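Thanks for coming, everyone. Let me put the structure up, and then we can walk through it.

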Amino acid sequence: NMQECPPFHQERFFTESPIQVLACLDSGASMPGTLRDQTQLRLSGWLREATMLFGLIVLSVYVINLGYCFEGSFQELGQFHFQSRALAGAESAGSTAHQGDNRFNHTWLGMLPVPLPMNYVQGIDAQKRDFERKMPSYLRGEWRVGGWWYYYLYALAIKVPLGTWLIVFLALLVSLFRPRHSASWRDEIVLLSPAAVVLTLVSSQTGINQHMRYVLPAFPFVFVWASKVASGANSNAWKARSIVAVALLWSATSSLWIYPHSLSYFNELVGGPMRGHAHLHDSNIDWGQDLLYLKKWLDGHPEARPLHLRYFLPLVDPRIAGIESTLPPPGPSATPVSKFHLDEEHLGPQPGWYALSTNEIRSRTKKYSYFLHFKPVAMARYSIYIYHLSCHQAARVRPELGLPYFPGLNAPNPPA
């Protein structure tokens, strides 16, 4: 005379007596709410999430192959010529860099087809080789060989609009305190897993830290996850709607304020794009994109001649844009100064008109770091600074750098 199994309640799972639980399992009761039904629902939920994740991976691989027109796809792993130690083998990397090697040769793994385009795989190998070489990295005014594990976290903190960060924070609050406006935690794990993997992977590669763009593939997943704030904004709470509206407006306004110069964007935490070069370097701010804006400024200022220009991209000749210029003199902090074959009188600063990319001002060689002592008179947008140094301005800074005054020029008078 087995009694009818009572309905199973999730909140009572850990308070039910062992006898009741065993009785429910043994009875095989099929009515909704039993422990067996709840277990089956959980298993089916996990199966559904795993299927979605697998489908996401398959779709991503297909899109990558489509972008490369399936060139070299499904080539056997053992047929690649790798350059990095991780894929070529620690013994052969470097010694056979001219032809490459493959640590998977003569193994069963080497016979497996790689479901990715050949150039895509070799690009990953080339990037891994750069990480292994420990190239110079820059963060907050400091240069070092190698990088920092928190580099991308810091870059995200100052490159992503604060309004966007507020939306992400609101989405977290919705997850914690408004679960009815949120998907199940299994759904959120599936959605956020790719973003977490991308961030963890790039942060673990501390051989080089130069480009925040490596973490950009994580953004779409976070944006979809944060969109839950819209459901919270549809509630009757006018305060919630107001906060979401302010966050969206803040994010859009902050981004559009410097459009179309978004590469040089920095948020208000570091003072905007004017102060970005004090924190990050390279493609995070200056990729040579403002050369034509410099030409436009020069056309409107014919007095800025002769011009001394140091442009970030050495493969691009500024004369292509119609800019005639010479190089600025190096400063005394250049590493090393002797290779420039200049005496102290001819080292910078010198009077004249100058235009320098911010990456050159913050260069590891410190060749032009003396321009940090001066305030630019103009900018070609946010990546090229324009200076007009007078004799007295240059003479004022030269002693601070351990350089003599110009011949025949007395020490500058102190400011009134």
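Let's start with one residue. Is Tyr62 buried, partly exposed or exposed? Tyr62 counts as partly exposed, because its relative accessibility is 46%. One caution before I go on: this is a predicted model.

Where does Tyr62 sit? Its place is in helix H2, residues 35-67. Tyr62 also belongs to a nonpolar patch on the surface. The other members are Leu59, Val63, Leu66, Phe70 and Phe74. Together the patch has about 610 Å² of accessible area.

Stay with H2 for a moment, and turn to charges. A search of the whole structure finds seven salt bridges. I will show three of them.

In one of them, the side chains of Asp187 and Arg48 meet, at 3.8 Å from N to O. This pair links distant parts of the chain. Arg48 is in helix H2, and Asp187 is in helix H7, residues 185-204. They are 139 residues apart. How open are the two partners? Asp187 counts as partly exposed, at 22% relative accessibility. Arg48 is partly exposed as well, with a relative accessible area of 42%.

H7 takes part in another bridge. Lys228 forms a salt bridge with Glu188, and the closest N and O atoms are 2.2 Å apart. Lys228 lies in the loop between helix H8 (219-226) and helix H9 (229-233), while Glu188 is in helix H7, so the pair ties together parts that are 40 residues apart in sequence. Are these two buried or exposed? Lys228 is buried, because its relative accessible area is 8%, and buried means under 20%. Glu188 is buried too, with a relative accessible area of 15%.

The last bridge I want to show joins Arg144 and Glu142. Their closest N and O atoms are 3.6 Å apart. Arg144 counts as partly exposed, at 32% relative accessibility. Glu142 is partly exposed, with a relative accessible area of 36%.

Now to aromatic rings. The structure holds 13 aromatic pairs. Take Phe131 and Tyr214: the ring centres are 6.2 Å apart and the planes meet at 85°, so the pair is edge-to-face. The cut-off for that label is over 60 degrees. Here, too, distant parts of the chain are linked. Phe131 is in helix H4, residues 118-133, and Tyr214 is in the loop between H7 and H8. The two are 83 residues apart. Both Phe131 and Tyr214 are buried.

Rings also gather in a cluster. Ring pairs link Tyr354, Tyr370, Phe371 and Tyr387 there.

My last stop is a helix with two faces. Which residues of helix H11, residues 291-300, are buried? They are Leu291, Leu294, Trp297 and Leu298. Why do they fall on the same side of H11? Because they cover an arc of only 115° around the axis. The general rule helps here: an α-helix has 3.6 residues a turn, so residues three or four places apart point the same way.

What covers that buried side? The cover of the buried residues of H11 includes strand S5 (307-310), strand S6 (352-357), strand S7 (378-380) and strand S8 (384-389). The face turned away from the buried side carries Leu292 and Lys296, which are exposed.

That is my tour. Questions, please.

Terms used. Residues are numbered from 1 along each chain as its sequence is written. This is a predicted model: local features need pLDDT of at least 70, side-chain atom pairs count only at pLDDT 80 or more; totals for chains, interfaces and linings use all residues. Side-chain values use heavy atoms; hydrogens and water are left out. Patches are made of residues with over 30% relative accessible area and no salt bridge: like charges are joined within 9 Å, nonpolar side chains (Val, Leu, Ile, Met, Phe, Trp, Tyr) within 5 Å. Accessible areas come from the Shrake-Rupley method with a 1.4 Å probe; for residues, only the protein chains shown count as cover. A salt bridge is a side-chain nitrogen of Lys or Arg within 4 Å of a carboxyl oxygen of Asp or Glu. Helices (H or I, at least four residues) and strands (E, at least two) are DSSP runs, numbered from the N terminus. Buried means under 20% relative accessible area, exposed over 50%, partly exposed in between (1.4 Å probe, protein chains only). The arc is that of the directions from the helix axis to the C-beta atoms. Contact means heavy atoms within 4.5 Å. Rings of Phe, Tyr and Trp (its six-membered ring) pair if their centres lie within 6.5 Å; planes under 30 degrees apart count as stacked, over 60 as edge-to-face and the rest as tilted.
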